[in-house]
Amino acid sequence: MLSAFERLEHLEERLHAAAARAGRKRTELCLIAVSKTFSDSEIRPFLEGGQREFGENRLQEVQKKWPLLKEEFPETQLHFIGRIQSNKARDIVKLCSALHTLDRDKIAEALQREGQLQKRMPLLFVQVNTGEEAQKAGVLPREVPRFLGICSDAYGLTIAGLMCIPPFNEKPEPHFALLQRLAEKHALAYLSMGMSSDFETAIHFGATHLRVGSALFGSRSPPKL
Ligand SMILES: *Cc1c(COP(=O)(O)O)cnc(C)c1O
């Protein structure tokens with residue numbers, strides 16, 4: 001089995017190559033290592049290998065695994081990529097550097113409140129349901145202008161970019177292209193898109209934040225926590 005260091009190195013090579021093919025630079029890309037379901041002892045080698053940006057989708061895991069790891073590696077940045085409930089906004093604002101899944105007025109309201117109380121705010125991405133899937137979180141593409149307006153006008157939030165998860169069994173290209181068009185239209189700088197199976201395609205369509213789990217950590221078993 002490859003070591004964490006070797007996996008990171010291999011992924012670095014693919015990031016450099018994909019960036020070069022797209023006429024872009026590696027420095028434009030933020031690699032988020034999605035460590036959900038993996039234990040602190042499985043995560044530590046990646047920290048030792050130099051990785052500092054990590055993604056989690058459950059607050060419970062953030063609270064259980066990361067306080068000690070962050071003490072050891074204080075520059076660590078956590079990205080929250082899971083569904084968020086408004087009563088979790090307090091802890092997300094406290095513990096995370098970025099939230100990729102803002103998609104409801106109620107969450108925007110809770111974030112504004114916590115931002116004022118804590119005097120800090122994660123980098124905010126609005127999740128867009130590009131495939132208009134009934135079971136999937138995210139704002140529908142046609143609702144994006146209204147929701148961005150609410151975020152800034154009603155809640156004073158600065159939105160950094162958009163995020164999407166293309167439908168599981170469709171080609172990702174049209175979804176990445178749609179997200180790129182929406183971000184351009186609203187002058188948003190960041191695009192959170194691309195996972196283990198499609199991050200090279202996402203780079204071609206302008207992704208800035210890549211959420212890569214299994215290509216680094218291996219395949220996941222169901223959550224243990
Ligand atoms: C799990 C997850 C990922 C990482 O998926 P891989 O296919 O393992 O790379 C990315 N984004 C979100 C929102 C996830 O929940």
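The following paragraphs describe the ligand site of this predicted model and then a selection of residues elsewhere in the chain.

Residues are numbered from 1 along each chain as its sequence is written, and side-chain values use heavy atoms, with hydrogens and water left out. Because the model is predicted, local features need pLDDT of at least 70 and side-chain atom pairs count only at pLDDT 80 or more, while totals for chains, interfaces and linings use all residues.

The ligand is a good place to start. It sits in the largest pocket. On a 1 Å grid over the protein atoms alone, a pocket is an open set of points with protein on both sides within 12 Å along at least five of seven lines, and a molecule sits in a pocket if more than half of its atoms lie within 2 Å of the pocket's grid points. The residues around the ligand (those with a heavy atom within 4 Å of it) are Val-34, Lys-36, Ile-81, Met-163, Ile-165, Met-195, Ser-196, Arg-211, Val-212, Gly-213, Ser-214 and Arg-220. Sorted by class, this shell holds 6 nonpolar, 3 polar and 3 charged residues. In this scheme Ala, Val, Leu, Ile, Met, Phe, Trp, Tyr, Cys and Pro are nonpolar, Asp, Glu, Lys and Arg are charged, and the others, Gly among them, are polar.

Members of the shell also offer polar atoms to the ligand. A polar side-chain atom of Ser-196 is placed 2.5 Å from a ligand oxygen atom. Arg-220 likewise has a polar side-chain atom 2.7 Å from an oxygen atom of the ligand, whereas the partner of Arg-211 is a nitrogen atom of the ligand, at 2.9 Å from a polar side-chain atom of that residue. A polar contact here is a pair of N or O atoms within 3.5 Å; within protein, one must be able to donate a hydrogen and the other to accept it, and residues adjacent in sequence count only if both atoms are side-chain atoms. Of the 390 Å² that the ligand exposes when taken alone, the protein buries 89%. These accessible areas come from the Shrake-Rupley method with a 1.4 Å probe.

Attention now turns to the loop between β5 (123-127) and α6 (144-154), which contains Asn-129. Helices (H or I, at least four residues) and strands (E, at least two) are DSSP runs, numbered from the N terminus. Asn-129 has a relative accessible area of 3% and is therefore buried; the cut-offs are under 20% for buried, over 50% for exposed, and partly exposed in between, with a 1.4 Å probe and protein chains only. The Asn-129 side chain reaches the backbone oxygen of Glu-133 at 2.8 Å and also that of Lys-136 at 3.3 Å. Glu-132 belongs to the loop between β5 and α6 as well, and is partly exposed because its relative accessibility is 43%. Its phi is near 50 degrees, a positive value in a residue other than glycine. Gln-135 is also found in the loop between β5 and α6; with 58% relative accessibility, it counts as exposed. Gln-135 and Glu-53 are 82 residues apart in sequence, with 28 Å between their C-alpha atoms.

A positive phi is also found at Ala-187, near 55 degrees and again in a residue other than glycine. Ala-187 lies in the loop between α7 (173-185) and β7 (190-192), and its relative accessibility of 71% is why it counts as exposed. Further along, the loop between α8 (199-204) and β8 (209-212) carries Thr-208. Thr-208 is buried, at 8% relative accessibility, and its side chain is joined to that of His-209 by a polar contact of 2.8 Å.

Three more positions lie towards lower residue numbers. Glu-9 is part of helix α1 (residues 4-21) and is partly exposed, with a relative accessible area of 43%. Between Glu-9 and Arg-83, 74 residues apart in sequence, the C-alpha to C-alpha distance is 31 Å. Leu-29 is located in the loop between α1 and β1 (30-34); its relative accessible area is 7%, so it is buried. Asn-87, in the loop between β3 (77-80) and α4 (89-95), counts as exposed at 60% relative accessibility. Its C-alpha atom is separated by 8.7 Å from that of Ile-107, 20 residues apart along the chain.

Definitions and conventions
1 Å grid on protein atoms, 1.4 Å probe; cavity = no way out; pocket = protein on both sides within 12 Å on 5 of 7 lines; lining within 4 Å.
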